[in-house]
Amino acid sequence: MNIRGRALGCAAVAAALLATAAGCGADAGGDGEIVVSVWDDGREESSVDVAARDFEKAHPDLTVTVQKNPFDQHLQALRRQLGAGRAPDVAMTVVGYGESGTVRALADKGLLADLGESPWAGRLPDTVAGAVGDGSEVYAFPVDSMAIGIVAKKGTEVPGTYADMLTACRDAGRDGKAAFALGGHENSKMPHIVGFALAASTVYADDPGYGDKRLRDEVTFAGSDGWEQAVARFGEMRDAGCFGENAAGTTREAAARALGDGDALMAVTPTVTLPMWQAAAPDAEFVMAPFPGDDDPGRVLVPAGASSGLVVPAKASDAGPGKQFIDFYAKHRARYAEIDGAVPALPDDDGGPRAPGYAAALEPYLRDGRTAPIMDQQWPNPELIARFDSGLVEMLTGRAEPADVLESMDAVWTSEAP
């Protein structure tokens, strides 16, 4: 359920909850028509539908056609469409790297127009800029944001330090429970979210620019003390019984039921995945808190960044109308985010919230810049997140050590999208 390997979610749970589409084989609009392709999230009307109507009222000479198709169809077709010049005028896709249809992967192939002259482009937060641009050009407007933390039923005592967390894991085990719901079954994508939460307070607490250095091949995973510590701490959490006895064989859905039924007390997850946990316990109230990846509160960082973005094809015969639509959406982003139940990736001018209400405890971290990137947004090769996830699952079963996981990741590293 990710945005294809993004967060559980950020590589995982988010895709069932956030799906993208860009009409397969759809031609761009003409004669005053703007074709906008977005994901179908199951609702009759999304923010883009509302934005299309608003835009038409403000620009009577233009019409907007919104196309919706399944997420997988979109990612499979978008790169081909952009290369052939048959893409929509505007498309929504996943920011950063991760797959062939994501923003940075498309930009690496010269398939996206530069939006750097747009009025919003100069206000991108540092946590977002690298996911939608390369430092010289901006390729996407970042629509919504996500952050990774602990989700639990309201009233649950959430540990404040790493040592407290290990203690809470042992205490829960003595009570016959798991401190953290975790599904390690194939395609659950949950283990690497825990890995991201740990690495935020080890790798990025010491070296905020680590991701950019990895893209320049100046560092490795296996040669990083921070990454070694993060993966070793995953092993310490396993040894403390944090994930229960059969986490490696547990599905994502079973993990959600465990949290809903009270067999697990917490879970590590992106903000965008709350509906999955809520569905397992419709009457419960869930809240989110920072994940304590270190004993020093000053080193605890929250992984955060944009989820999706709007792009314009580089080969568009007239990119002007598409850029105009994106700028219009950007200007009214706070209203449109509210329609989607999301938080804008680009903070609104009025200083509105940067985290959903149920994740208010993350707000100070997001406002003060105490954040780390969503790490796989800087990993060009899609195989990398799969190696990280499977390596952590092998650690759960005792078949791998931290060095094995990190060396496997280095083995498939590429500094540009394949």
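## Exercises on the pocket and cavity linings

In this predicted model, the largest pocket is lined by 44 residues, and those nearest its centre are P125, D126, T127, V128 and P373.

**Exercise 1.** Determine which elements give two or more residues to the lining of the largest pocket, which of them gives the most, and how the lining residues divide by class.

*Solution.* Begin with the elements: two or more lining residues come from each of the helices α4 (103-108), α5 (126-132), α8 (203-206), α9 (210-215) and α15 (363-367), and likewise from each of the strands β5 (145-153), β9 (302-306) and β11 (371-372). Next, look for the leading contributor, which is α5, with five residues in the lining. Then sort the lining by class, which yields 21 nonpolar, 14 polar and nine charged residues. Finally, the space in this pocket comes to about 820 Å³.

**Exercise 2.** Establish how many cavities of 30 Å³ or more the model contains, and describe the volume of the second largest cavity, together with the residues that line it.

*Solution.* The count at the cut-off of 30 Å³ or more is two cavities. The second largest cavity has a volume of about 40 Å³, and its lining is made up of V143, D144, Y329, R333, Y336, A337, D340 and A342. Turning to secondary structure, helix α14 (residues 333-340) supplies the largest share of this lining, namely four residues. The last step is the division by class, in which five lining residues are nonpolar and three are charged, while no polar residue takes part.

How values were computed. Residues are numbered from 1 along each chain as its sequence is written. This is a predicted model: local features need pLDDT of at least 70, side-chain atom pairs count only at pLDDT 80 or more; totals for chains, interfaces and linings use all residues. Side-chain values use heavy atoms; hydrogens and water are left out. On a 1 Å grid over the protein atoms alone, a cavity is a set of points where a 1.4 Å probe fits but cannot get out, and a pocket is an open set with protein on both sides within 12 Å along at least five of seven lines; lining residues have an atom within 4 Å of a point. Grid points are joined across faces, edges and corners, and a volume is the space filled by probe spheres set on the points. Ala, Val, Leu, Ile, Met, Phe, Trp, Tyr, Cys and Pro count as nonpolar, Asp, Glu, Lys and Arg as charged, and the others, Gly among them, as polar.
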